[in-house]
Amino acid sequence: MTQQATASANVHGASPRLKFRVLGAHSNRQFFEIEVQAEHGLAAFGMAALHLNEAGEDGDAEFYAAIPSGTDFELPGEGVVTLETVLNPEQADVFGLAGKDKSLREHVPSM
């Protein structure tokens, strides 16, 4: 817990509110990222859901992770990527599998 979060909790008498980046996908499988402040990761999902609801989201959005702000991460593009796509031999370079054990990829049909 940071000093700022601790000070905020002590002054307000509540749990500290931390910054999270909530990641998920809309019903069309396109990613979204919403920055919120919440007491913990599950509460961050709740705050993100309120934002989506206010924005008129249809209710089919999926939540994947609440990542503390400042954490580096990469999404696999603009939308959800399937296991079949990642293991596709034609995508080996893209997903860092070139030259790796091919036995896993041999069981996945080419697209």
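**Architecture of the predicted chain**

Strand β1, spanning residues 18-25, pairs with β3 in the antiparallel sense, and six bridges join the two. One of the contact points along this pairing involves V22, whose bridge partner in β3 is A66. The model described here is predicted, and the β1-β3 pairing is a good place to enter it. Three strands form an open sheet in the order β2-β1-β3, with antiparallel pairing. β2 (31-38) and β3 (62-68) stand at the edges and have a single partner strand each, so one side of each is left without a neighbour in the sheet. From one strand to the next, the twist averages 25°. As a reminder, strands of a sheet pair through backbone hydrogen bonds, either parallel or antiparallel.

The sheet is part of a fold whose secondary structure comes to three helices and three strands. Read from the N terminus on, the elements run α-β-β-α-β-α. Helix α2, residues 41-54, lies across β1, β2 and β3, and runs at about 115° to β2. Of the contacts in the chain with a separation of 6 or more, 44% are accounted for by residues 24 or more positions apart. Across the 111 residues of the chain, 23% count as buried.

Turning to the interior, the largest nonpolar core has ten residues in all: F20, V22, F32, I34, V36, A38, A44, A48, L52 and A61. β1, β2 and α2 are the elements that give two or more residues to this core. The most comes from β2, which gives four residues. V22 thus appears both in this core and in the bridge to A66 of β3. F20, another core member, has a broad set of partners once its neighbours within four places in sequence are left aside. Its contacts include the core residues I34, V36, A38 and A44, together with E35, H40, G41, A66, I67, P68 and S69.

The aromatic side chains offer a second view of how the elements meet. The count comes to two aromatic pairs. In one of them, the rings of F32 and F63 have their centres 5.8 Å apart and their planes at 80°, so the pair is edge-to-face. F32 lies in strand β2 and F63 in strand β3, so this pair ties together parts that are 31 residues apart in sequence. F32 is buried, with a relative accessible area of 7%, whereas F63 counts as partly exposed at 32% relative accessibility. The other pair joins F45 and F63: the ring centres are 5.7 Å apart and the planes are at 50°, so the pair is tilted. Here too distant parts of the chain are linked, with F45 in helix α2 and F63 in strand β3, 18 residues apart. Through these ring pairs, F32, F45 and F63 are linked into a cluster.

Several residues outside the regular elements also deserve a look. P16 has its place in the loop between α1 (3-12) and β1. P16 counts as buried, at 14% relative accessibility. Its C-alpha atom is separated by 7.8 Å from that of A38, although the two residues are 22 residues apart along the chain. A38 itself belongs to the largest nonpolar core. R29 is found in the loop between β1 and β2, and its phi is near 70°, a positive value in a residue other than glycine. At 40% relative accessibility, R29 counts as partly exposed. Further along, V94 lies in the segment after α3 (83-87) and counts as exposed, at 60% relative accessibility. The C-alpha atoms of V94 and P76 are separated by 9.6 Å, with their positions 18 residues apart along the chain.

Finally, a word on confidence. The chain averages a pLDDT of 82, and 77% of the residues score at least 70. Among the elements, β1 has the highest mean pLDDT (96) and α1 the lowest (42). Over residues 1-11, pLDDT stays under 50, and the model has seven contacts beyond four places in sequence for this stretch. Where pLDDT is low, the predicted coordinates should not be read in detail.

Methods. Residues are numbered from 1 along each chain as its sequence is written. Side-chain values use heavy atoms; hydrogens and water are left out. Two strands pair if DSSP finds at least two bridges between them. Axes are lines fitted to C-alpha atoms, for helices over the stretch in contact, and angles run from 0 to 180 degrees between N-to-C directions. Contact means heavy atoms within 4.5 Å. Buried means under 20% relative accessible area, exposed over 50%, partly exposed in between (1.4 Å probe, protein chains only). A nonpolar core is a set of buried Ala, Val, Leu, Ile, Met, Phe, Trp, Tyr and Cys residues joined through side-chain atoms within 4.5 Å. Rings of Phe, Tyr and Trp (its six-membered ring) pair if their centres lie within 6.5 Å; planes under 30 degrees apart count as stacked, over 60 as edge-to-face and the rest as tilted. pLDDT is the predictor's confidence in each residue, from 0 to 100.
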